[in-house]
Amino acid sequence: MNRTRLVLTGLAVAAMIATSGCDPQPESQDAATSPSPAVSSATPTVGAASAAADNAATVKACADIRKDIKDNAAKIAKAEKIGPPAGHFAVSAQWAAGSVAILAHAIGANQAVTAASEKIQNEMTSLSDAYNKSADAKPSKKALEAAIKELDTACSTA
């Protein structure tokens, strides 16, 4: 039990470290300084390149998060086969690990994808907590499924 708490705490700390100081929307260079007339002619090109880079980061984040969700589902199914009483620790730990992977891959995505991935992460953490509390837990995954649909919507507009 203590080992599981240590692992889950470590995962939570790693997630916090990974996301601390991260700003999902970098501040525009145009707002930071007043460009000179010579620089302003190049500004639209830089802005377009920045927007394209942000969009590419969002598309990559969506692909990585979807892969994480699929991989996590497979690992959860494998952990569930262990069965109670010890299996619920493995399932809980996998939900926690999956939630950290989601957060890690959301870094650099646009605000909509980041917000949706945070909801997925929160739901995975809730499932982890539920499995950690009871060996016979069968928590509903409807909220997680709704969060995944929200991610799909956010990714479709990227």
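Where in the protein is Thr157 found? In this predicted model, Thr157 is found in the segment after α7, and a walk through the rest of the structure helps to place that segment.

The protein is made of seven helices and zero strands, so that, by the run-based assignment of helices and strands, its pattern along the sequence reads α-α-α-α-α-α-α. Among contacts with a separation of 6 or more, 73% join residues that lie 24 or more positions apart. Of the 158 residues, 29% count as buried, while the protein exposes about 9,400 Å², of which carbon and sulfur atoms supply 60%.

Confidence should be considered before any detail is read. The mean pLDDT of the protein is 76, and 65% of its residues reach 70 or more. Over residues 23-46, however, pLDDT stays under 50, and for this stretch the model has ten contacts beyond four places in sequence. Where pLDDT is low, the predicted coordinates should not be read in detail.

Two of the helices can be checked against their expected lengths. Helix α5, residues 87-106, has 20 residues that should span 28 Å at 1.5 Å a residue, and because its end C-alpha atoms are 29 Å apart, the two values agree. Just after α5, Gly108 takes a positive phi of about 95 degrees. Helix α6 follows at residues 111-133, where 23 residues reach 33 Å from the first C-alpha to the last, close to the 33 Å expected. At the start of α6, a side-chain oxygen of Asn110 reaches to within 3.2 Å of the backbone nitrogen of Ala112. The buried residues of α6 include Val113, Ala116, Ser117, Ile120, Met124 and Leu127.

In soluble globular proteins, nonpolar side chains tend to be buried together. Here the largest nonpolar core has 23 residues, and those with the most contacts inside it are Ile65, Trp95, Val113, Ile120 and Leu151. The elements that give two or more residues to this core are α4 (43-80), α5, α6 and α7 (142-156). Leaving aside neighbours within four places in sequence, Leu151 is in contact with Ile65, Ile69, Val113, Ala116, Ser117 and Ile120.

This leads back to Thr157, in the segment after α7. Is Thr157 buried or exposed? Thr157 counts as exposed because its relative accessibility is 64%, above the 50% cut-off. The side chain of Thr157 reaches the backbone oxygen of Ala154 at 2.9 Å. The C-alpha atoms of Thr157 and Val113 are separated by 9.6 Å, although the two residues are 44 residues apart along the chain.

Definitions and conventions: Residues numbered from 1 in each chain as written. Predicted model: local features only at pLDDT ≥ 70, side-chain atom pairs only at ≥ 80, totals over all residues. Heavy atoms only, no water. Helix = DSSP H or I, 4+ residues; strand = E, 2+ residues; numbered from the N terminus. Expected span 1.5 Å × (residues − 1). Buried < 20%, exposed > 50% of the residue type's maximum accessible area, 1.4 Å probe, protein only. Polar contact = N/O pair within 3.5 Å; in protein donor to acceptor, adjacent residues only side chain to side chain. pLDDT = per-residue confidence, 0-100. Contact = heavy atoms within 4.5 Å. Core = buried A, V, L, I, M, F, W, Y, C linked by side-chain atoms within 4.5 Å. Areas by Shrake-Rupley, 256 points an atom, 1.4 Å probe, with all protein chains shown as cover.
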